[in-house]
Structure formats: C-alpha cells, structure tokens
Amino acid sequence: MAIIKTQGLVLKYTDINEADRILTILTRSKGKIKAISKGCRRPKSSLLPSSELFAFSELILYKGTNFYHVSTGELRESFYNIRNDLLKLSYAVYFAELADTVTDEDIQSERLFLLLSRTLYYLSNDEIPIGILSCAYQMQLMDLSGFRPLISKCANCGNEESLWKFSIDLGGALCSRCFTADKNAVKLSPGALETFGLLLSTPISRLNTIKIDNTIFIEIDKIINVFVQKHLDKRFKSMDFINNIKSLERE
C-alpha cells in the first residue's frame, strides 16, 4: 500500500454516509485527487479541520481501489477570515472552482497549487484589493492552463503595432488592419494591454505594488470574465453570484 505525504488544499467536498466526506483536493505533489476522509464529521474527529473547504494541510494519504484515503491531516491554514465576508467567500469558491475546472486527476500541478494557495492567503488578509487579485489570479491561471491571451501582437496577423481592440474569440489583441476579423472585438483604452501584461507577470505577493486606473480596471475585469468563460467553455455560477452581490452593493 503506497503512502503519500503531501500538502493539499480542499477545493470542494461531498458528505457521504453518516460521518464521511469525499474531498476534492489540489495537492502539491500529485495534482488533483479525490480522497475519502472517513469519520471526519464526528465532533471529535482529528480529521475534521483538514476536511473543511479551503483547508490547507499537511496530509498523509494512501491509495485505495477507487479513491485515496486520508490517514492523517495537520491543518496549516484555514483561511478563516474568508468565511466572515460573503464577497470574499464567493470569490474563494470561484477561485477553487476555476482550479477544479482546469485540472485533471493525478496530473502534477504544483504551480497552480501555489498560485491558488497564495491567492487565498491574500484574499484572507486584505493586503490586495479583491478586484485586482481576482483579475491577476484568472489571468495567471489561464496562462498555466495553456490559454495565455496574446497581448504583444495581433492575434490575427501578428502585427505588433496599432493594437486597439481585444478579441475574446481569437484570444488576444487585434490591430487596426484586422478589426473585421471579429466584429465583436472590444475597443481598448490606452494602457489596457499594458495592464494585462502586469497582471500576467506580477507575482501575487507583489500585486499591492501596482496601481490600475479605475476606468481601465472596469474594462479589463469584464474582458477577463468573458475570456475565462469562453475558453474554458463553462458558465460559473459562483461568478454570477459575485456579480449579484456587487449589484446589490451599488444600489
């Protein structure tokens, strides 16, 4: 029986039987796995803290016939502050849902594991504005998943000048000669492409060093959300919920 020791972060779970859970865990060494945490819902279970949503733990696992099984779990971070704020919680669910969508089971995903862990850390401690954190996480996740938007040259012809629009369908900027390649391409404000570049290249821990004009932020936030849904071919209910919360806050 193979024993595996790894760090893991719970993306979601399903309660089964009287006291068990099936956890979907993004691990540092094994990628995404499904693991049974047996008896974790009992009040005095030592596995309960590491079997909660977003729990970041040191895990010892063993592989069964169909699932991994959690032998022990030592909680390192619960991201407790996220649970006290509905908007933060909604973003955390969205971030986890994105990570779940772009990963296959048992495929090593250390860079994504680190990206999500750091994003949840900064979401929890309020050091970085949520909007900037969200845009950067989505852009960097798409990059790691093979969907990096083309921002340095035209996605249609390769021209590096006069990049004034962004095509969701073609996955990048369009030059003035190629506007007709996508009639739904979005016009960009000056500085928008540079901001995309900053969000792609700036480590999550350094996002508090960048400033984004509010007009540009509103523009790129909309583009990024549509870009993600288009290229992952999925509508995320968690993002719909976030947008509903924002609408209520503006009223």
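The side chain of Thr202 comes within 2.7 Å of a backbone oxygen, that of Leu198. I start there, and the rest of the chain follows. Before going on: this is a predicted model.

Thr202 sits in the loop between α4, residues 192-201, and α5, residues 214-232. Its relative accessible area is 9%, and because the cut-off for buried is under 20%, Thr202 counts as buried. Beyond neighbours within four places in sequence, Thr202 contacts Gln140, Leu207 and Ile210.

A second threonine can be described in a similar list. Thr103 is in the loop between α1 and α2. Its relative accessibility is 5%, so Thr103 is classed as buried. The side chain of Thr103 reaches the backbone oxygen of Asp100, at 3.4 Å. Setting aside residues within four places in sequence, the contacts of Thr103 are Leu26, Lys32, Ser109 and Leu112.

Now the chain as a whole. It has 6 helices and 8 strands. In sequence order they run β-β-β-β-β-α-α-α-β-β-β-α-α-α. How does the radius of gyration of the chain compare with the globule rule? The radius is 20 Å and the rule gives 18 Å for 251 residues, which is close, so the chain is as compact as a globular protein of that length. The C-alpha trace spans about 65 × 40 × 30 Å along its principal axes. Of the 251 residues, 49% count as buried. Taking contacts with a separation of 6 or more, 58% are between residues 24 or more positions apart.

Next, helix α2, which covers residues 110-125. It has 16 residues, and at 1.5 Å a residue it should span 22 Å; the C-alpha atoms at its ends are 23 Å apart, so the two values agree. Which residues of α2 are buried? They are Leu112, Phe113, Leu114, Leu115, Leu116, Ser117, Thr119, Leu120, Tyr122, Leu123 and Ser124. As a reminder, an α-helix has 3.6 residues a turn, so residues three or four places apart point the same way. The cover over the buried residues of α2 includes the strands β1 (3-16), β2 (20-27) and β4 (56-63). The helices α1 (86-102) and α3 (130-144) are also among the elements that cover them. Leu112, one of the buried residues of α2, is also one of the contacts of Thr103. After α2 comes Asp126, with a positive phi near 65°.

On to the aromatic rings. Searching the whole structure gives 9 aromatic pairs. In one of them, Tyr94 and Phe236, the ring centres are 5.7 Å apart and the planes are at 80°, so this pair is edge-to-face. Tyr94 belongs to helix α1 and Phe236 to the loop between α5 and α6 (237-250), so the pair ties together parts 142 residues apart in sequence. Both Tyr94 and Phe236 are buried.

Trp164 and Phe179 make a tilted pair, with 6.3 Å between centres and 50° between planes. Trp164 is in strand β6, residues 163-167, while Phe179 is in the loop between β7 (172-175) and β8 (186-187); the two are 15 residues apart. Are these two rings buried or exposed? Neither label applies: at 49% relative accessibility Trp164 is partly exposed, and at 23% Phe179 is partly exposed as well.

Ring pairs also join Tyr91, Tyr94, Phe95, Tyr137 and Phe236 into a cluster. Two charged side chains sit over rings. Arg21 is over the face of Tyr13, 3.8 Å from the ring centre. Lys63 is over the face of Tyr68, 4.9 Å from the ring centre.

The last residue for today is Ala55. It is located in the loop between β3 (31-37) and β4. With a relative accessible area of 2%, Ala55 is buried. What does Ala55 touch, apart from residues up to four places away in sequence? The answer is Gly8, Leu9, Val10, Pro49, Ser50, Leu75 and Glu77. Between Ala55 and Lys12 the C-alpha distance is 9.9 Å, with their positions 43 residues apart in sequence.

That leaves three buried loop residues to look at on the screen: Thr202, Thr103 and Ala55.

Notes
Residues are numbered from 1 along each chain as its sequence is written. This is a predicted model: local features need pLDDT of at least 70, side-chain atom pairs count only at pLDDT 80 or more; totals for chains, interfaces and linings use all residues. Side-chain values use heavy atoms; hydrogens and water are left out. Helices (H or I, at least four residues) and strands (E, at least two) are DSSP runs, numbered from the N terminus. Buried means under 20% relative accessible area, exposed over 50%, partly exposed in between (1.4 Å probe, protein chains only). A polar contact is a pair of N or O atoms within 3.5 Å; within protein, one must be able to donate a hydrogen and the other to accept it, and residues adjacent in sequence count only if both atoms are side-chain atoms. Contact means heavy atoms within 4.5 Å. The expected span of a helix is 1.5 Å times one less than its number of residues. Rings of Phe, Tyr and Trp (its six-membered ring) pair if their centres lie within 6.5 Å; planes under 30 degrees apart count as stacked, over 60 as edge-to-face and the rest as tilted. A charge sits over a ring if NZ of Lys or CZ of Arg is within 6 Å of the ring centre and within 35 degrees of the ring normal. The radius of gyration is taken over C-alpha atoms; the globule rule is 2.2 Å times the number of residues to the power 0.38.
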